[in-house]
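Please open the structure in your viewer and keep a selection panel at hand, since the tour below moves from one selection to the next.

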Amino acid sequence: MERRQFLRRTTAGAAGLGAGALTAAAVPHAEAAPVTARRTGPLRVDIVMFDGVEELDCIAPYEVFSAAAMHSAAGVEVRYVTTGRPRLIRCGYGTGVQVRHRWAPRETDLIVVPGGGYTRREGPGVWAEIDDGTLPRALAAAPRRGLTISSLCTGAVILSAAGLTEGRPCTTHHGAKAYLEEHGGIVKNARVVDDGNLVTAAGITSGLELGLWLVGRELGSDAATGVEAMLEYEARGTVWQAN
């Protein structure tokens, strides 16, 4: 039996997803989270892909948000996007992911920036994206009312290059926290850091927590607990949230 059909049936009752000088010119700080009851359309989620991205960094939130569509009347639309031409992206361990959608920040509610390749200064990964500059510039220009930008693991280093974490509470993989702090981030010792329109998550597996936290924030607690039951996973760690 196809896996998602099986999970849908068994959990239906539980329901009741080098450019360091760049700056973000007008980033609204700690914009309040949206009120979930007011959502009339689907939650639109774009996960940014680039060569060298860590497999679990991109796949974990994709699965969480995709599963959330089964537990929300409003629905969820999740897709992989790239700032370059749609193509086959090669992940850090060799997995190929066909990305069919272009970067379109005005057509989404939530952007997720994964990490990967932080320990490889040469080769594909976050440093190559920073050196190229395209993704940091695109992120620096993206903030607008109604958009949440998020990262997990060393994806926060790309947000830092875009000027988005400067003076903001944030977190990243433990190996990159010193770098993030040196470049102006206010690093919190938490699994997820929610500063309104900027949400960051810690190491590789925290993509599950990032997804579950944002599903609960955007779609409600029933959706989040429904996804937890479906995935047989309970979110762990502390969520730091701005007052």
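Which residues does Val239 touch, not counting residues up to four places away in sequence? Select Val239 and display its surroundings: leaving out those sequence neighbours, Val239 touches Val192 and Trp213, where contact means heavy atoms within 4.5 Å. Before going further, note that this is a predicted model, in which local features need pLDDT of at least 70, side-chain atom pairs count only at pLDDT 80 or more, and totals for chains, interfaces and linings use all residues. Residues are numbered from 1 along each chain as its sequence is written, and side-chain values use heavy atoms, with hydrogens and water left out.

Staying with Val239, colour strand S12, in which this residue has its place. Val239 is partly exposed, with a relative accessible area of 31%; here buried means under 20% relative accessible area, exposed over 50%, and partly exposed in between, with a 1.4 Å probe and protein chains only. Now add Asp194 to the selection: Val239 and Asp194 are 45 residues apart in sequence, yet 7.2 Å apart in space, C-alpha to C-alpha.

Zoom out next to the whole chain, which has 8 helices and 12 strands; helices (H or I, at least four residues) and strands (E, at least two) are DSSP runs, numbered from the N terminus. Of the 243 residues in the chain, 53% are buried.

Select helix H2 (residues 55-68) together with helix H7 (residues 207-219), whose axes are 8 Å apart and pack at an angle of about 30°. Axes are lines fitted to C-alpha atoms, for helices over the stretch in contact, and angles run from 0 to 180 degrees between N-to-C directions. H2 and H7 are therefore roughly parallel to each other, a term for angles under 35 degrees, with over 145 counting as roughly antiparallel, 65 to 115 as roughly perpendicular and the rest as oblique. Show side chains to see Ala60, Pro61, Val64, Phe65 and Ala68 of H2 meeting residues of H7, among them Leu208, Leu212 and Val215. The residues of this contact of H2 with H7 divide into 10 nonpolar, 2 polar and no charged; Ala, Val, Leu, Ile, Met, Phe, Trp, Tyr, Cys and Pro count as nonpolar, Asp, Glu, Lys and Arg as charged, and the others, Gly among them, as polar.

Keep H2 and replace H7 with helix H8 (221-231): the axes of H2 and H8 come within 9 Å and cross at roughly 115°. Glu63, Val64, Ala67 and Ala68 of H2 and Val227, Met230 and Leu231 of H8 make the contact, which by class has 6 nonpolar, no polar and 1 charged residues.

Follow the chain out of H8 to Glu232, in the loop that leads to strand S12 (239-241). Phi of Glu232 is near 55°, a positive value in a residue other than glycine, and Glu232 is exposed, with a relative accessible area of 74%. For a contrast in burial, select Cys153, in the loop between strand S7 (148-152) and helix H5 (155-161). Phi of Cys153 is near 55°, but Cys153 is buried, with a relative accessible area of 5%.

Finish at helix H4 (residues 134-141), where Leu135, Pro136, Ala138, Leu139 and Ala140 are buried. What covers these buried residues of H4 includes strand S1 (43-48), strand S6 (110-113), helix H3 (126-132), S7 and H5.
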